[in-house]
Amino acid sequence: AARPGSSGKMAAPMSQGSRGPEPGAAPYGNFPNYSRFHPPEDRVSLLPQGLLHSLFPAATRPLLGLDVGCNSGELSVALYQHLLGLQDSDSSPEPPGASKELRLLCCDIDPELIRRAQQSSPFPASISFASLDIMDSGAREPFLSSYLQRFGRSSFDIGFCMSVTMWIHLNHGDGGLLEFLALLASLCTFLLVEPQPWRCYRAAARRLRRLGRRDFEHFRSLRINGDMAASVTQILTQQCAMELVRCFGSTAWDRSLLLFRS
């Protein structure tokens, strides 16, 4: 997944070096080839089959999902397929009735990544991609409420926040991270979060400096630091009235997959 988060400024263009685009030249994490270096299968394989049915045994409507910071959609599609028990071979044409099971709204700050996601999506009836800065309340409120109203709903059944928290944190500071997590907790019954560990913050700051860019505005003033999985868990459980349901283990690049419930 990729990420949202800015004050409406678009991300800087990628620097073209001899090795191609430099990861980290995208200050909001909107890398154009993200799924190549963090394959979706490495995450979805940690999630048990039948997870949706175990979380929502009595659901009679389409479940609504929200994927924040979806990048170009590869992980969103992989999550959708895994949660519905679809194989890759099922991706075309769209299985009949799939959209009655789960509708997924995926947003990212980068309109070019969203355009790419829309063009390549194998499930256009079930997965919607939209360009949205989730931290811009003026844009977010009308957009999300109009989507939910189409289904007569006031919240999402499940939210996905996959390697997004660091970019919100670096671009919006401690207050922005608290606001973001509180927003997700208010919007979603269940929330699957993959926080980046602190060493990723240092690496992102190092990459910007190596490219001669200004440092992340908030990096040196962050008081929330260290064990970020523990910090995110503490914020969601103690300040946002969620409970930690389960940790599904860690990816090959050492990021925990944490499931919370409102």
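## Salt bridges around Arg209

A salt bridge here is a side-chain nitrogen of Lys or Arg within 4 Å of a carboxyl oxygen of Asp or Glu. With that in hand, let's look at this predicted model. The side chains of Arg209 and Asp215 pair up in just this way, with an N to O distance of 3.4 Å. Arg209 is partly exposed, at 39% relative accessibility, and Asp215 is also partly exposed, with a relative accessible area of 25%. The pair belongs to a network of salt bridges that links Arg209, Asp215 and Arg220.

## Salt bridges that span the sequence

How many salt bridges does a search of the whole structure find? The search gives 8. One of them joins the side chains of Asp254 and Arg199, at 3.8 Å from N to O. Asp254 sits in the loop between β8 (243-250) and β9 (256-261), while Arg199 belongs to helix α9 (residues 198-210), so this salt bridge ties together parts 55 residues apart in sequence. Asp254 has a relative accessible area of 47% and is partly exposed; Arg199, with 41%, is partly exposed too.

Another salt bridge connects Arg261 with Glu243, whose closest N and O atoms are 3.1 Å apart. Here strand β9 supplies Arg261 and strand β8 supplies Glu243, so the link is between distant parts of the chain, 18 residues apart. Both ends are partly exposed: Arg261 has 31% relative accessibility, and Glu243 has a relative accessible area of 40%.

## The chain as a whole

Stepping back, the protein chain has 10 helices and 9 strands. Of its 262 residues, 55% are buried. Take the contacts between residues at least 6 apart in sequence: 74% of them join residues at least 24 apart.

## Helix α10 and its ends

Helix α10 covers residues 228-239, and its length can be checked with a little arithmetic. Its 12 residues, at 1.5 Å a residue, should span 16 Å, because the expected span is 1.5 Å times one less than the number of residues. The end C-alpha atoms lie 15 Å apart, which agrees.

At the N-terminal end, Asp227 acts as a cap for α10, with a side-chain oxygen 3.3 Å from the backbone nitrogen of Ala229. Just after the helix comes Ala241, which takes a positive phi of about 60 degrees.

Which residues of α10 are buried? They are Met228, Ser231, Val232, Thr233, Ile235 and Leu236. The elements that cover these buried residues include α8 (165-187), β7 (188-194), α9, β8 and β9.

## Two nonpolar cores

The largest nonpolar core has 46 residues. Leu236, already met in α10, is among those with the most contacts inside this core, along with Ile134, Phe156, Leu170, Phe180, Tyr201 and Phe216. Helix α8 gives the most to the core, with 11 residues. Where does this core lie with respect to domain 1 and domain 2? Domain 1 (64-85 + 97-154) and domain 2 (160-261) both contribute residues, so the core lies between them.

Phe180 offers a view from inside this core. Leaving aside residues up to four places away in sequence, Phe180 touches Val68, Ile134, Met135, Cys161, Val164, Thr165 and Ile168. Apart from this core lies another, of 32 residues, with Leu51, Leu104, Phe160 and Leu259 among them.

## Gln196, a buried polar residue

Is Gln196 buried or exposed? Gln196, found in the loop between β7 and α9, has a relative accessible area of 1%; it is buried because the cut-off for buried is under 20%. The side chain of Gln196 makes a polar contact with the side chain of Thr165 at 3.4 Å. The Gln196 side chain also reaches the backbone nitrogen of Met166, at 3.0 Å. Thr165 is thus a shared neighbour to look for on screen: Phe180 touches Thr165, and Gln196 makes its polar contact there.

## Pro111 in helix α6

Finally, a look at helix α6 (residues 111-120), where Pro111 has its place. Pro111 is partly exposed, with a relative accessible area of 42%. Its C-alpha lies 7.8 Å from that of Ala130, a residue 19 places apart from Pro111 in sequence.

Definitions and conventions
Residues are numbered from 1 along each chain as its sequence is written. This is a predicted model: local features need pLDDT of at least 70, side-chain atom pairs count only at pLDDT 80 or more; totals for chains, interfaces and linings use all residues. Side-chain values use heavy atoms; hydrogens and water are left out. Helices (H or I, at least four residues) and strands (E, at least two) are DSSP runs, numbered from the N terminus. Buried means under 20% relative accessible area, exposed over 50%, partly exposed in between (1.4 Å probe, protein chains only). Contact means heavy atoms within 4.5 Å. A polar contact is a pair of N or O atoms within 3.5 Å; within protein, one must be able to donate a hydrogen and the other to accept it, and residues adjacent in sequence count only if both atoms are side-chain atoms. A nonpolar core is a set of buried Ala, Val, Leu, Ile, Met, Phe, Trp, Tyr and Cys residues joined through side-chain atoms within 4.5 Å. Domain bounds come from an automatic or database domain assignment.
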